[in-house]
Amino acid sequence: MTSSRPYLLRALYEWIVDNDHIPYIVVDARQPGVVVPPEHVKDGQITLNIAPHAVQGLSLGNAEVRFSARFSGRAFTVSAPVQAVLAIYDRETGQGMGFPPETMPGEVADESEGEIPAVGGSDATGPEETPPTPPRRGGHLRRVK
C-alpha cells in the first residue's frame, strides 16, 4: 500500500483552509532532498506557512511538497519529500497532526535508516546494548506549537 501521509496532509490542509485559517507545516530540514532557505532552519527543522496567500504553485503530491514563497523578500522554491514533513497544523487553534520522524507504512526508508547506532565508546567490550524502544503509537492529533 502507498503511504497515508500525503493524503492526510492534503485533507488537513483543505480542512484548515476551508475554515479560513492558516496552515503551517514543520519539515525536518536534515532529510535528503529537502530544499529550504538554510538561514531559516532552527534545530534542524523549519516551520512553513503554506496558506494560499503566502505561497505560489503549491503542490502537495504523493512524493513531494513543493511551492514558491518569499523569505526576507527573496523568492525561493521550497521542496521536501513528503516523509520529511513532521506535522501540519492550524496556526490559530494549534489543531493538526504530527507524524513520526521515521517512515510510515508504505514509505520507502532511507538506506541508512534502520541501522542501530553503537552505544558506548570504541573501547567497550562485549555485545553492545541498545536502549529499549518505546512502544509505537499510531497517528494521532496533538497540539503543535
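Here are some questions and answers about the predicted model shown above.

This is a predicted model, with residues numbered from 1 along each chain as its sequence is written; local features need pLDDT of at least 70, side-chain atom pairs count only at pLDDT 80 or more, and totals for chains, interfaces and linings use all residues. Side-chain values use heavy atoms, with hydrogens and water left out.

Q: What is the mean pLDDT of the protein, and where does pLDDT stay under 50?
A: pLDDT is the predictor's confidence in each residue, from 0 to 100. Its mean over the protein is 79, and 70% of the residues reach 70 or more. Where pLDDT is low, the predicted coordinates should not be read in detail. So keep two things in mind, with pLDDT as the predictor's confidence from 0 to 100: the mean is 79, and the stretch under 50 is residues 110–141.

Q: Which pattern does the protein follow along the sequence?
A: Helices (H or I, at least four residues) and strands (E, at least two) are DSSP runs, numbered from the N terminus. The protein has one helix and eight strands. Read along the sequence, they give the pattern α-β-β-β-β-β-β-β-β.

Q: Which residues have the most contacts inside the largest nonpolar core?
A: A nonpolar core is a set of buried Ala, Val, Leu, Ile, Met, Phe, Trp, Tyr and Cys residues joined through side-chain atoms within 4.5 Å; buried means under 20% relative accessible area, exposed over 50%, and partly exposed in between (1.4 Å probe, protein chains only). The largest core has 27 residues, and α1 (5–18), β1 (23–28), β2 (45–49), β4 (64–71), β5 (74–81) and β6 (85–90) each supply at least two of them. Apart from it lies another core of seven residues, including Tyr 24 and Tyr 89. In the largest core, the residues with the most contacts are Ile 25, Val 27, Leu 48, Val 65, Phe 67 and Ile 88.

Q: Why is β6 largely enclosed by the rest of the structure?
A: The reason lies in how its residues are covered. β6 is largely enclosed because the buried residues number six of the six.

Q: Which residue of β7 stands opposite Tyr 89?
A: Two strands pair if DSSP finds at least two bridges between them. On one side, five bridges join β1 to β6 in an antiparallel arrangement, with Tyr 24 opposite Tyr 89. β6 is also joined to β7 (residues 96–98), again antiparallel, by three bridges, and these two strands form a hairpin with five residues between them, where Gly 94 in the turn has a positive phi of about 80°. The residue of β7 opposite Tyr 89 is Gly 96.

Q: Which side chain meets Glu 39 in a salt bridge?
A: A salt bridge is a side-chain nitrogen of Lys or Arg within 4 Å of a carboxyl oxygen of Asp or Glu, and the whole structure has four. Glu 39 lies in the loop between β1 and β2 and its partner in strand β5, so the pair ties together parts that are 35 residues apart in sequence. Glu 39 is partly exposed at 48% relative accessibility, and the partner too is partly exposed, at 40%. With N to O at 2.8 Å, that partner is Arg 74.

Q: How far apart are the closest N and O atoms of Glu 64 and Arg 66?
A: Glu 64 is partly exposed, with a relative accessible area of 33%. Arg 66 is partly exposed as well, at 38%. They form a salt bridge, and the closest N and O atoms are apart by 3.6 Å.

Note on methods. Contact means heavy atoms within 4.5 Å.
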